[in-house]
Amino acid sequence: MVNLGNDWDAILSDEFEKPYYKRLRAFLKEEYSSRRIYPDMNDIFNALKASSFEKTRVVIIGQDPYHGYGQAHGMCFSVKRGVEPPPSLKNIFKELKTDVGFAEAGHGELSCWAEQGVLLLNTVLTVREGSPNSHKGMGWEVFTDRVIAELNKKKTPVVFLLWGANAKNKARIITNPLHQKLQAHHPSPLSAYNGFFGCKHFSKCNENLISSGQKPIDWQLK
C-alpha cells in the first residue's frame, strides 16, 4: 500500500487500485527482484511526498530518473548531497546562473525547491540501470497524467515547466486557463543548446507567481 503522507493519499487512492497500476506494480516487483532499478523502491514517490497537492504551485516535469548508480532519489533532476551533479543538472545550474544569478552550492539536492511547493515530477518514475526510458510505456505515464490532471483542477494558479519531448506531451492535460505552461528543450547536453539555454524559465516562473499574488521561488540551493 502506497502511503504518501499528505493530501495526495486521498486524491490518488483510487488510482492505485486500477488494473493498469496493478499490472505496473507486478512488473516493478519482478524488475526490482531481478535487475538494478532506480530509484530505491522506497524513494519512488518522494516528489509527491515532498510537495502536497495543496502546497504545489510550480511543477517541473522531466523524463525519467537518472540511470546511474546512486543518482536518482525520486525527484526529477535532483541528486542527494555527496553525489556529483549529472550533466543535465549542471546545465540547469548554468541557466539559473544566467537567468537569476544562481550561485552553485556544492551539491545538487533540490529538496529546498520542493519545500517551497515545487513538484519535481518525472513522466516515468523508475528506470533500469544504464538504460534510459527502459520503463517507458509500462503504465507510469497514465499515473503521472492523473497527477497533472488533478493539479489542472486547482483554483490557484500553477506554473508548469515542461522540459523535453516527454514532458511537453503532458501539455495537452493542462487546459485550465489559470495555469501557465512554459516549454523548452530538455537540459541534457544533447539538446540544451537547442532551446533550454536562454529559456529564462526560472525568472518567468517567478514573474507569473508574483502576478498571481504568490511568493516567488528562491531558486538558490541551501
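This tour goes from the whole chain to its nonpolar core and then to one residue in that core.

Start with the full chain, shown as a cartoon; the model is predicted. Eight helices and six strands make up its secondary structure. Read from the N terminus, they follow the order α-α-β-α-β-α-α-β-β-α-β-α-β-α. The chain is as compact as a globular protein of 222 residues, because its radius of gyration of 16 Å is close to the 17 Å from the globule rule. Along the principal axes, the C-alpha atoms occupy a box of roughly 45 × 40 × 30 Å.

Next, turn on the surface. About 10,100 Å² of the chain is exposed, and carbon and sulfur atoms account for 52% of that area. Select the charged side chains: 29 are positive and 23 negative, with the centres of the two sets 3 Å apart.

Now hide the surface and look inside. Buried residues make up 56% of the 222 in the chain. Of the contacts between residues at least 6 apart in sequence, 68% link residues at least 24 apart.

Select the largest nonpolar core, which has 70 residues. The members that touch the most others are Trp 8, Phe 45, Ile 60, Trp 113, Trp 140 and Phe 143. Colour helix α2, residues 19–34: this helix gives the core its largest share, six residues. In soluble globular proteins, nonpolar side chains tend to be buried together.

Finish by centring on Ile 60. Which residues does Ile 60 touch, leaving aside those up to four places away in sequence? They are Cys 76, Phe 77, Trp 113, Val 118, Leu 119, Leu 120, Leu 121, Leu 161, Trp 163 and Trp 219.

Notes: Residues are numbered from 1 along each chain as its sequence is written. This is a predicted model: local features need pLDDT of at least 70, side-chain atom pairs count only at pLDDT 80 or more; totals for chains, interfaces and linings use all residues. Side-chain values use heavy atoms; hydrogens and water are left out. Helices (H or I, at least four residues) and strands (E, at least two) are DSSP runs, numbered from the N terminus. The radius of gyration is taken over C-alpha atoms; the globule rule is 2.2 Å times the number of residues to the power 0.38. Buried means under 20% relative accessible area, exposed over 50%, partly exposed in between (1.4 Å probe, protein chains only). Contact means heavy atoms within 4.5 Å. Accessible areas come from the Shrake-Rupley method with a 1.4 Å probe; for residues, only the protein chains shown count as cover. Lys and Arg count as positive and Asp and Glu as negative; His and the chain ends are not counted. The place of a charge is taken as NZ of Lys, CZ of Arg, CG of Asp or CD of Glu. A nonpolar core is a set of buried Ala, Val, Leu, Ile, Met, Phe, Trp, Tyr and Cys residues joined through side-chain atoms within 4.5 Å.
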